[in-house]
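Open the model in your viewer and keep the selection tool at hand. The stops below say what to select next and what is there.

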Amino acid sequence: MEPAPPPVNLDANASEPLRPEAREAMLRAMELPAGNPSSAHAAGRALRSALEDAREALAALAGAEPREVVFTSGATEANRLAVRGALAGAAGRGGWALT
């Protein structure tokens with residue numbers, strides 16, 4: 001009988017150290033004024049600009065258009081969007097239908 005393969009960690013986000021680049025970006029974002037990026041006031045405009053800069057940078061890394069980058073509040077929302085997108089894509093090819 002062969003030995004079992006080593007376990008695979010599928011929960012790395014809870015145990016991996018923060019990358020230096022992510023820490024630097026997070027610290028820069030935390031220095032921005034508090035506000036709503038959808039607001040017209042100066043703080044909102046600064047936040048909207050930072051948000052769109054991040055969207056463009058992520059799109060460039062992913063080879064996508066900025067309009068294709070969607071920020072979510074967390075993993076549950078992101079997973080739901082991914083599953084619905086996969087189902088919609090399959091429905092367009094004669095597969096599963098969304099109800």
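**Stop 1: a pair in helix H2**

Select glutamate 52 and arginine 55: both lie in helix H2, 3 residues apart, which is about one turn of the helix. This is a predicted model, and the distances below are read from its coordinates. The two side chains form a salt bridge, with the closest N and O atoms 3.0 Å apart. Is arginine 55 buried or exposed? Arginine 55 is buried, because its relative accessible area is 15% and the cut-off for buried is under 20%.

**Stop 2: the other partner of glutamate 52**

Keep glutamate 52 selected and add arginine 48. This arginine also lies in helix H2, 4 residues from glutamate 52, again about one turn of the helix. Glutamate 52 forms a salt bridge with arginine 48 too, and the closest N and O atoms are 3.0 Å apart. With all three residues shown, you have a network of salt bridges that links Arg48, Glu52 and Arg55. Glutamate 52 is partly exposed, at a relative accessible area of 25%. Arginine 48 is also partly exposed, at 31% relative accessibility.

**Stop 3: a salt bridge at arginine 19**

How many salt bridges does the model hold? The count comes to 3. For one outside the network, select glutamate 21 and arginine 19, which form a salt bridge with their closest N and O atoms 3.4 Å apart. Glutamate 21 is partly exposed, with a relative accessibility of 48%. Arginine 19 counts as exposed because its relative accessible area is 57%, and exposed means over 50%.

**Stop 4: a nonpolar patch**

Switch to a surface view and select Leu18, Met26, Leu27 and Met30. These residues make a nonpolar surface patch of about 390 Å². Now pick out methionine 26, which lies in helix H1, residues 20–30. Why can methionine 26 be part of a surface patch? Its relative accessible area is 41%, so methionine 26 is partly exposed and passes the patch cut-off of over 30%.

**Stop 5: the largest pocket**

Select Ala25, Ala29, Ala50, Leu51 and Ala54. Of the 14 residues that line the largest pocket, these five lie nearest its centre. The volume of this pocket is about 440 Å³. Which helix gives the largest share of the lining? H2 does, with 8 residues. H1 and H2 each supply at least two residues of the lining, and both helices are worth showing together here.

**Stop 6: alanine 40 and alanine 78**

Go to the loop between H1 and H2 and select alanine 40, which is found there. Alanine 40 is exposed, with 63% relative accessibility. Then add alanine 78. The two alanines are 38 residues apart in sequence, and their C-alpha atoms are 28 Å apart in space.

**Stop 7: colour by confidence**

Finish by colouring the model by pLDDT. The protein averages 87, and 91% of the residues score at least 70. Which element has the lowest mean pLDDT, and which the highest? Helix H3, residues 75–92, has the lowest at 88, while helix H2, residues 42–62, has the highest at 93. Where pLDDT is low, the predicted coordinates should not be read in detail.

Technical notes
Residues are numbered from 1 along each chain as its sequence is written. This is a predicted model: local features need pLDDT of at least 70, side-chain atom pairs count only at pLDDT 80 or more; totals for chains, interfaces and linings use all residues. Side-chain values use heavy atoms; hydrogens and water are left out. Patches are made of residues with over 30% relative accessible area and no salt bridge: like charges are joined within 9 Å, nonpolar side chains (Val, Leu, Ile, Met, Phe, Trp, Tyr) within 5 Å. Accessible areas come from the Shrake-Rupley method with a 1.4 Å probe; for residues, only the protein chains shown count as cover. A salt bridge is a side-chain nitrogen of Lys or Arg within 4 Å of a carboxyl oxygen of Asp or Glu. Buried means under 20% relative accessible area, exposed over 50%, partly exposed in between (1.4 Å probe, protein chains only). pLDDT is the predictor's confidence in each residue, from 0 to 100. On a 1 Å grid over the protein atoms alone, a cavity is a set of points where a 1.4 Å probe fits but cannot get out, and a pocket is an open set with protein on both sides within 12 Å along at least five of seven lines; lining residues have an atom within 4 Å of a point. Grid points are joined across faces, edges and corners, and a volume is the space filled by probe spheres set on the points.
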